[in-house]
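I set out to record what I looked up in this structure, entry by entry. The entries cover helix packing, salt bridges and the surface.

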Amino acid sequence: MSVETKAASPERGRPESRMLTWLWAVPRHSRERSLLIIFLLIAGTGWLDYASGVWFSFQFFYLAPIVLGVVWLGWREGCIAVVLCVGVRLGGDIAAGILDRIEQMAVYWNRCVDLGGSLLLVGVVHNLVILQRQMDRHVRERTAALEQAIFARNQLQTQLFEISRRERRTIGHDLHDGLGQQLTATSMAADLVASRLAADGHPSVGDARHLVRMVQDSTAQTRRIARGLLLAEIEPEQLVPELEELTASLTREPSLTCQFVSRGDLQI
């Protein structure tokens, strides 16, 4: 089981970051609503430009519907927004009587400069939008690939842990059911031999007792290792089969007679 943490980006909570995200992102509203917003911005800016007269310039504010047209709809719609903005400004100049007071060629020249500069802005913004969205796509792809790699790594770790657990359990069962029982049978046989030697007064009875203790120590150590590998004691439902197998291994010794009798149900 793995715990994953995600660090919060310091840019996420900043107002300017949210504004840029809203500006460069693909709009969630419909195309018709985008066109309506851009048209209202152009009309509102043109009306304010006409109402303020020649004392204030609203050239900067005309950039907002142009940029939104490029980001939301594309470079063609951005070019249409440029033409509309220049047309509104020229219409406002004509309605305000500016063409009657100054040279017409200067006004037309200024509007042509506005047209050229705005079209250049459309190209720049369009390229920036393409680069930004390509970067976002690459980030999403890399994020998806990283998440897939993390998922595959977690699966591999789980499989390795399961394989290791099965191997440990297999080795633990082999030690407990095989070597442990064999040592137990050997200990009982050696103890029986020591008892016979003691009954006969044989001088090697001390060595036989020492041999019994050595076998018993080996049996205990084997049991401890087996329990450590199994990570748990023998399950209650496995106790009777384990004792039956131990009895069967003891009866294979020609000098030993052992019988296991189970009565009633095992209560835990």
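The entries below are grouped by the helices and side chains I examined, and I note at the outset that the model is predicted.

**Entry 1. Helices α2 and α3**

I began with the packing of helices. Two packed helices are described by the angle between their axes and the distance between those axes. I looked up helix α2, residues 31-52, against helix α3, residues 63-72. Their axes come within 9 Å and cross at roughly 165°. I therefore recorded α2 as roughly antiparallel to α3, the cut-off for that term being an angle over 145 degrees. The handedness of the α2 and α3 crossing is left-handed.

**Entry 2. Cover of α3**

How many residues of α3 are buried? I found eight of its ten residues buried, and I noted the helix as mostly covered. The buried residues are Pro65, Ile66, Val67, Leu68, Gly69, Val70, Val71 and Trp72. After α3 comes Gly74, and I noted that its phi is positive, near 130°.

I then followed Trp72 to a residue elsewhere in the chain. Its C-alpha atom is separated by 9.9 Å from that of Ser30, although their positions lie 42 residues apart along the chain. Ser30 belongs to the loop between α1 (15-24) and α2. I recorded Ser30 as partly exposed, because its relative accessibility is 38%.

**Entry 3. Helices α2 and α4**

I next set α2 against α4. These axes also come within 9 Å, and they cross at roughly 25°. The two helices are therefore roughly parallel, since angles under 35 degrees count as such. I entered the crossing of α2 past α4 as right-handed.

**Entry 4. Salt bridge between α2 and α4**

I turned to charged side chains. Side chains of opposite charge can pair when their charged atoms come close. The structure holds five salt bridges, and I looked up several of them.

Which residue forms a salt bridge with Glu77? The partner is Arg31, and the closest N and O atoms are 2.5 Å apart. Glu77 lies in helix α4 (residues 75-96) and Arg31 in helix α2, so the pair ties together parts that are 46 residues apart in sequence. I checked the accessibility of both partners. Glu77 has a relative accessible area of 17% and is therefore buried, because the cut-off for buried is under 20%. Arg31 counts as partly exposed at 41% relative accessibility.

**Entry 5. Salt bridge between α4 and α6**

I found a second salt bridge between the side chains of Arg89 and Asp114, at 3.1 Å from N to O. This pair links distant parts of the chain, with Arg89 in helix α4 and Asp114 in helix α6, 25 residues apart. Are these side chains buried or exposed? Arg89 counts as buried at 12% relative accessibility, and Asp114 counts as buried at 12% as well.

**Entry 6. Salt bridge within α6**

I also looked up a pair inside one helix. The side chains of Arg166 and Glu162 meet in a salt bridge, with 3.8 Å from N to O. An α-helix has 3.6 residues a turn, so residues three or four places apart point the same way. Arg166 and Glu162 are four residues apart in helix α6, so about one helical turn separates them. Arg166 counts as partly exposed at 45% relative accessibility. Glu162 is likewise partly exposed, with a relative accessible area of 28%. I noted besides that salt bridges with shared partners join Asp49, Arg89, Arg111 and Asp114 into one network.

**Entry 7. Nonpolar surface on α6**

I then looked for nonpolar side chains at the surface. Leu120, Val124, Leu128 and Leu131 form a nonpolar patch there, with about 370 Å² of accessible area together. I examined Leu120 individually: this residue lies in helix α6, residues 104-200. Leu120 counts as exposed because its relative accessibility is 60%, the cut-off being over 50%.

**Entry 8. Ile225 and Ile171**

My last look-up was Ile225, found in helix α7 (residues 205-230). Ile225 is partly exposed, with a relative accessible area of 42%. How many residues separate Ile225 from Ile171 in sequence? They are 54 residues apart, while their C-alpha atoms are 9.7 Å apart in space.

Technical notes. Residues numbered from 1 in each chain as written. Predicted model: local features only at pLDDT ≥ 70, side-chain atom pairs only at ≥ 80, totals over all residues. Heavy atoms only, no water. Patch = residues over 30% accessible without salt bridge, like charges linked within 9 Å, V, L, I, M, F, W, Y side chains within 5 Å. Areas by Shrake-Rupley, 256 points an atom, 1.4 Å probe, with all protein chains shown as cover. Salt bridge = Lys/Arg side-chain N within 4 Å of Asp/Glu carboxyl O. Buried < 20%, exposed > 50% of the residue type's maximum accessible area, 1.4 Å probe, protein only. Axes fitted to C-alpha atoms, helices over the stretch in contact; angles between N-to-C directions. Parallel < 35°, antiparallel > 145°, perpendicular 65-115°, else oblique. Left-handed = near helix turned anticlockwise from the far one by under 90°.
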